[in-house]
Amino acid sequence: MKGMKTTIAAVAALFAAGAAQAEPVKVGMITTLSGGGAGLGIDARDGFMLAVKQANNPDLQVVIEDDQRKPDVAVQLADKMIQQEKVDVLTGIIWSNLAMAVVPSAVAQDKLYLSVNAAPSQLAGKGCNANYFSVSYQNDNLHEAAGGYASSAGYKNAFILAPNYPAGKDSLAGFKRFFMGDVAEEIYTKLGQTDYAAEIAQIRASGADSVFFFLPGGMGIAFMKQYAQSGVNIPLIGPAFSMDQGILGAVGDDAIGFKNTSNWSKDIDNATNKAFVETFQAEYGRLPSLYAAYGFDTANLLLSAMGKASISDKEAFRDALRAADFSSVRGKFVFGPNQHPIQDIYVREVVKEGDVLTNKIVGIALSDHADAYASECSM
């Protein structure tokens, strides 16, 4: 009996020692929760926090702030989180101009940054960093797939437009990289623009046989509504951001039939994705978007690393992140040498399921696709 008590005490002490060694990870989420791009940040936050809730890990702490889609606000919040909140990891930024204002300084201060969305080319190539991981894509990826799809669909003369900021420039560069036809006209619109009458007039007069547009959030809603009302019938092609769940609900049936490219869709056939779509709907009363999917994957990647390494051992923790040993809503998930995903990108079509507009996969645009800048990364 005495020996059994000694054994029990030893086991209890071992568990107590393990508990004492458990090290909290504090996450600072800076994302857009107000203004024209709020839906994107809200979805990313909700996807992230759904995974946090499901994990129920008391060692993961999350502080959330609204960047208002303003670079100066994002910088102030990052400084506050690093210096006052003492966060270990930053995440959440949707817009690439905000990412370029925050990420280089944060990783230089030895903070980890896990991107739920923005992944500008500058951070994928020569500006890559061991502390920066993009869980979503590299900015060009979905646009490259759209260019490839447009060529395979037989389009020869595309009118292309995007907002004038880093992701907009990456988007058109990506489209042109894989589009084999001619560009009728290439224009950059104002970030946050809501009146597209002049651009639609240019499209009408261009002689183009297709239109590729990257206009996320409220910009996409405004453009698609005005395009439908204009009577111009040139086919629209976009990345998923231009025809995502939030945009479709606002645009209505005029979006049916439009094609878009995405590395996530609610009908990807794996158990994790099916459970994610079901639980997200139950928790929030709406279908998830790709921003929500990226947020969910980002949190689960972080949780997987927490199960393998201590945040105080930064190299071991980075190795655990690189291993990407988690169940992704996208199925197979692998990081390339610049810590951006290598992944399949699908062609989706806007359909109506009952009373709900959504997207359905109709093909694969690119398989196991890496980004164009990895060879420039010297990590």
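Which residue lies over the face of Trp95? In the model before you, which is a predicted one, that residue is Arg69, placed at 4.9 Å from the ring centre. I shall begin with the aromatic residues, then turn to the nonpolar core, the disulfide and, finally, an annotated span.

Trp95 does not stand alone: ring pairs link Trp95 with Tyr137, Tyr165, Phe214, Phe241, Tyr291 and Tyr294 into a cluster. In total, the structure holds 19 aromatic pairs. Allow me to examine one of them, formed by Tyr137 and Phe241. The centres of these two rings are 5.5 Å apart, and their planes meet at 70°; the pair is therefore edge-to-face. This pair connects distant parts of the chain, with the two positions 104 residues apart. Tyr137 belongs to the loop between strand 5 and helix 5 (141-152), while Phe241 belongs to the loop between strand 9 (236-239) and helix 9 (245-251). Are these two residues buried or exposed? Tyr137 is buried, at a relative accessible area of 3%, and Phe241 is buried as well, at 4%.

I now turn to the largest nonpolar core, which comprises 117 residues. The members that touch the most other members are Phe223, Met224, Tyr227, Phe276, Leu302 and Phe317. Which element contributes the largest share of this core? The answer is helix 11, residues 290-306, which supplies 12 residues. As to location, the core receives residues both from domain 1 (2-137 + 268-335) and from domain 2 (141-262 + 345-376), and it therefore lies between them.

Next, the disulfide. A search of the whole structure finds 1 such bond. It joins Cys128 to Cys377, with an S to S distance of 2.1 Å. The angle about the S-S bond is 90°, and the link is right-handed. Here too, distant parts of the chain are brought together, the two cysteines being 249 residues apart. Cys128 sits in the loop between strand 4 (112-115) and strand 5 (132-134), and Cys377 sits in the segment after strand 13 (356-369). Cys128 has a relative accessible area of 13%; because this is under 20%, Cys128 counts as buried. Cys377 is likewise buried, with a value of 13%.

Finally, the annotated span. An unreviewed UniProt entry carries the annotation "domain: Leucine-binding protein" for residues 24-354. In the model, this span is 42% helix and 20% strand, and its end C-alpha atoms lie 45 Å apart.

Thank you for your attention.

Notes:
Residues numbered from 1 in each chain as written. Predicted model: local features only at pLDDT ≥ 70, side-chain atom pairs only at ≥ 80, totals over all residues. Heavy atoms only, no water. Disulfide = S-S within 2.5 Å. Helix = DSSP H or I, 4+ residues; strand = E, 2+ residues; numbered from the N terminus. Buried < 20%, exposed > 50% of the residue type's maximum accessible area, 1.4 Å probe, protein only. UniProt positions renumbered as here; feature names shortened; annotations may be inferred. Phe/Tyr/Trp six-rings, centres within 6.5 Å; stacked < 30°, edge-to-face > 60°. Lys NZ or Arg CZ within 6 Å of the ring centre and 35° of its normal. Core = buried A, V, L, I, M, F, W, Y, C linked by side-chain atoms within 4.5 Å. Domains from an automatic or database assignment.
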